[in-house]
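Hi,

Here is the structure I said I would pass on. Have a look at it first, and then read my notes below.

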Amino acid sequence: MKRVTYDDATYLMAADAAEALSEYARVLAHAGSADAVTLRCLSSDGDAVQATFLLHAHTPLLVEPTSCELDAPDNGDAIGELRDRIDRMQHPASRGNEQP
């Protein structure tokens, strides 16, 4: 489990979700781009929530370990999508190989 601080809000989520979020934020900032990502997480008071993170070059995002013993909400599909977006940005298809 990791603690994610976004602006002045704090969320808890599985380590793989937090790391994918952080990596996607880094890739977007490097590209000078922006995107919104919604993940399932726990709020600072322990409620299960869906949080949408607007990521851009100036996003205040901190990811740190926590000793929280709660079960993290599942973000398997969202993590897969984030990894796909990261891969597409880091390895864009050549113009001749693009699918319609």
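Where along the chain is the place of Ala34? Ala34 sits in the loop that runs between helix H1 (15-31) and strand E3 (35-43). Before I go on with that residue, please keep in mind that this is a predicted model, so everything below is computed from the predicted coordinates.

Back to Ala34. With a relative accessibility of 46%, Ala34 counts as partly exposed. Leaving out residues up to four places away in sequence, Ala34 touches Leu28, Leu55 and His56. I also checked Ala34 against Leu61: the two are 27 residues apart along the chain, and their C-alpha atoms are separated by 14 Å.

Now the overall picture. The protein has 2 helices and 5 strands, and along the sequence they come in the pattern β-β-α-β-β-β-α. The C-alpha trace spans about 50 × 25 × 20 Å along its principal axes. Of the 100 residues, 30% are buried. If you take the contacts with a separation of 6 or more, residues 24 or more positions apart account for 62% of them. The protein exposes about 6,300 Å², and carbon and sulfur atoms supply 45% of that area. As for charge, there are 8 positive and 17 negative charges, and the mean positions of the two sets are 7 Å apart.

Next, the cysteines, since you may well ask about them. How many disulfides does a search of the whole structure find? The search comes back with 0. Cys41 is in no disulfide, and the nearest cysteine sulfur, that of Cys68, is 12 Å away. A disulfide is a covalent bond between the sulfur atoms of two cysteines. The sulfurs of Cys68 and Cys41 are not bonded because 12 Å is too far for a bond. The surroundings of the two are worth a look as well: Cys41 is buried at 0% relative accessibility, while Cys68 is partly exposed at 24%.

Cys41 has its place in strand E3. Setting aside neighbours within four places in sequence, Cys41 is in contact with Tyr11, Leu12, Met13, Asp47, Ala48, Val49, Ala51 and Pro73. Cys41 and Ala17 are 24 residues apart in sequence, and 9.3 Å lies between their C-alpha atoms.

Ala17 turns up again around Asn75. Asn75 is in the loop between strand E5 (61-65) and helix H2 (76-90). Is Asn75 buried or exposed? Asn75 counts as buried, because its relative accessibility is 4% and the cut-off for buried is under 20%. The Asn75 side chain reaches the backbone oxygen of Arg40 at 2.7 Å. Not counting residues up to four places away in sequence, Asn75 touches Ala17, Leu39 and Arg40.

Helix H2 itself holds Ile79, and here too Ala17 is a partner. Leaving aside neighbours within four places in sequence, Ile79 is in contact with Asp16, Ala17 and Ala20. Ile79 is buried, with a relative accessible area of 5%. Ile79 and Pro60 are 19 residues apart in sequence, with 20 Å between their C-alpha atoms.

Two more residues, both towards the start of the chain. Lys2 is in strand E1, and at 19% relative accessibility Lys2 counts as buried, given that the cut-off is under 20%. Which side chain does Lys2 join in a polar contact? The partner is Glu19, and the polar contact between the two side chains is 3.1 Å. Lys2 has a long list of residues that it touches beyond four places in sequence, including Tyr11, Met13, Ala18, Val63 and Thr66.

The other one is Asp7, in the loop between strand E1 (2-6) and strand E2 (9-13). Asp7 has a positive phi of about 60 degrees although it is not a glycine. Most residues other than glycine have a negative phi. Asp7 is exposed, at 56% relative accessible area.

That covers my notes; shout if you want to go through any of this together.

Cheers

How values were computed
Residues are numbered from 1 along each chain as its sequence is written. This is a predicted model: local features need pLDDT of at least 70, side-chain atom pairs count only at pLDDT 80 or more; totals for chains, interfaces and linings use all residues. Side-chain values use heavy atoms; hydrogens and water are left out. Helices (H or I, at least four residues) and strands (E, at least two) are DSSP runs, numbered from the N terminus. Buried means under 20% relative accessible area, exposed over 50%, partly exposed in between (1.4 Å probe, protein chains only). Contact means heavy atoms within 4.5 Å. Accessible areas come from the Shrake-Rupley method with a 1.4 Å probe; for residues, only the protein chains shown count as cover. Lys and Arg count as positive and Asp and Glu as negative; His and the chain ends are not counted. The place of a charge is taken as NZ of Lys, CZ of Arg, CG of Asp or CD of Glu. A polar contact is a pair of N or O atoms within 3.5 Å; within protein, one must be able to donate a hydrogen and the other to accept it, and residues adjacent in sequence count only if both atoms are side-chain atoms. A disulfide is a pair of cysteine sulfur atoms within 2.5 Å.
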